[in-house]
Amino acid sequence: MATPFTYTRHRANFDRMKSIAMLLSLAGASVVAADAPTFSLWTADNVKQVAKELAGKLSPQGVASQKLADMGNYNFALALRRQSGTAEVHRKMADIFVIESGEADLVTGGTVVDPTNSSPTEIRGTGIQGGAEHHLVAGDVLTIPAGMPHQVKVAPGKEVLYIAIKVAQ
C-alpha cells in the first residue's frame with residue numbers, strides 16, 4: 001500500500017507529455033465554467049527555441065523566464081537558471097515543475113531566512129533554514145503546495161531548464 005509523502009520523486013520511463021496533460025486536466029477541473037480555456041500546444045521544437053532565447057536574456061541574478069500561457073487559475077512558464085534563486089513562499093499558488101534539462105537542488109519546507117513580503121501573497125528571503133534538500137535532474141516532475149517554502153539552488157557552472165506551472169489553490 002502506498003503511503004503519502006510531502007515530496008515524491010519518480011524516475012521512471014514515462015511519456016512526460018501525458019503526465020503534463022494529466023496535471024493540466026486536474027488543474028482545469030477547478031476552472032469556473034464562465035470561460036473555457038483554449039487548447040495550447042508547445043512542441044519540443046517550440047520549447048527548444050524559447051530555451052535558446054532565454055539564454056540570451058539572463059538577468060544579473062542568473063535567471064530568465066518566459067510565460068507561455070495564462071489560463072486563469074493556472075499558467076505556464078519556461079525558466080532557465082544558472083544561479084541559485086531566493087527562498088520563496090507563494091501563499092495562493094502551487095508550483096509544478098517539469099525538469100527539461102540540467103540539474104539543481106530544491107530545498108523545501110523549513111523556515112524562510114530574512115523574510116520580506118514581495119507582494120500580499122508572496123514572501124521572499126535569503127535562504128531556508130531546516131528544509132529538506134532534493135536533487136533534481138531532467139525528467140523529474142514535482143509539486144510544491146501553496147504555502148510551502150522552497151528555493152532552487154544551482155551549483156556553479158551548472159544550469160537547469162524547467163517548465164513551471166503555477167496553479168491557484
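**Entry 1: order of the elements**

I read the chain from its start and noted the pattern α-α-β-β-β-β-β-β-β-β-β-β-β-β. That makes two helices and twelve strands. I am working from a predicted model, and I kept that in mind for every entry below.

**Entry 2: how far to trust it**

I looked up the confidence next. The mean pLDDT of the chain is 85, and 78% of its residues reach 70 or more. Over residues 1–14 the pLDDT is below 50, and the model gives this stretch 15 contacts beyond near neighbours in sequence. Residues 21–34 also stay under 50, with twelve contacts beyond four places in sequence. Where pLDDT is low, the predicted coordinates should not be read in detail. I therefore set both stretches aside, as pLDDT is below 50 over residues 1–14 and under 50 over residues 21–34, and low values call for that caution.

**Entry 3: the chain as a whole**

I checked burial and found that 37% of the 169 residues count as buried. The chain exposes about 9,700 Å², and carbon and sulfur atoms supply 57% of that area. I then turned to contacts between residues at least 6 apart in sequence: 75% of them join residues at least 24 apart.

**Entry 4: the nonpolar cores**

In soluble globular proteins, nonpolar side chains tend to be buried together. I went looking for such groups here. The largest nonpolar core has 17 residues, and Leu54, Leu78, Ile163 and Ile165 have the most contacts inside it. Helix H2 and strands E1 (63–70), E2, E4 and E12 each supply at least two residues of this core. A second, separate core has 14 residues, among them Phe97, Ile144, Met148 and Ala164.

Which residues does leucine 54 touch, leaving out those up to four places away in sequence? I found Ala64, Ser65, Gln66, Leu78, Ala79 and Leu80.

I also looked at lysine 52, which is found in helix H2. Is lysine 52 buried or exposed? Its relative accessibility is 63%, so I wrote it down as exposed. From lysine 52 to leucine 80 I noted 9.7 Å between C-alpha atoms, with the two positions 28 residues apart in sequence.

**Entry 5: aromatic pairs**

How many aromatic pairs does a search of the whole structure find? The search gives three. In one of them, tryptophan 42 and phenylalanine 76 sit 5.0 Å centre to centre with 40° between the planes, a tilted pair. Tryptophan 42 is in the loop between helix H1 (16–28) and helix H2 (44–55), and phenylalanine 76 is in strand E2, so this pair ties together parts 34 residues apart in sequence. Their burial reads as follows: phenylalanine 76 is buried at 4%, while tryptophan 42 is partly exposed at 23%.

I moved on to phenylalanine 97 and tyrosine 162. Their ring centres are 4.7 Å apart and their planes lie at 40°, so I logged this pair as tilted. Phenylalanine 97 belongs to strand E4 (residues 93–108) and tyrosine 162 to strand E12, so the pair links distant parts of the chain, 65 residues apart. Both residues are buried. Phe97 turned up earlier too, as one of the residues of the second core.

I added one more note here: Trp42, Tyr74 and Phe76 form one aromatic cluster.

**Entry 6: salt bridges**

A search of the whole structure finds five salt bridges. I wrote up these, including their accessibility where I looked it up.

- Glutamate 159 and arginine 82 meet at 2.6 Å, N to O. Glutamate 159 lies in the loop between strands E11 (150–153) and E12 (160–168), and arginine 82 in the loop between strands E2 (74–81) and E3 (87–90), so the pair ties together parts 77 residues apart in sequence. Glutamate 159 is partly exposed at 31%, and arginine 82 is partly exposed at 35%.
- Glutamate 122 and arginine 124 have their closest N and O atoms 3.0 Å apart. Glutamate 122 counts as buried at 14%, whereas arginine 124 counts as partly exposed at 25%.
- Lysine 67 and aspartate 70 have their closest N and O atoms 3.7 Å apart. That pair still counts because the cut-off is within 4 Å. Aspartate 70 is partly exposed at 48%.

Technical notes
Residues numbered from 1 in each chain as written. Predicted model: local features only at pLDDT ≥ 70, side-chain atom pairs only at ≥ 80, totals over all residues. Heavy atoms only, no water. Salt bridge = Lys/Arg side-chain N within 4 Å of Asp/Glu carboxyl O. Buried < 20%, exposed > 50% of the residue type's maximum accessible area, 1.4 Å probe, protein only. Helix = DSSP H or I, 4+ residues; strand = E, 2+ residues; numbered from the N terminus. Phe/Tyr/Trp six-rings, centres within 6.5 Å; stacked < 30°, edge-to-face > 60°. Contact = heavy atoms within 4.5 Å. Areas by Shrake-Rupley, 256 points an atom, 1.4 Å probe, with all protein chains shown as cover. Core = buried A, V, L, I, M, F, W, Y, C linked by side-chain atoms within 4.5 Å. pLDDT = per-residue confidence, 0-100.
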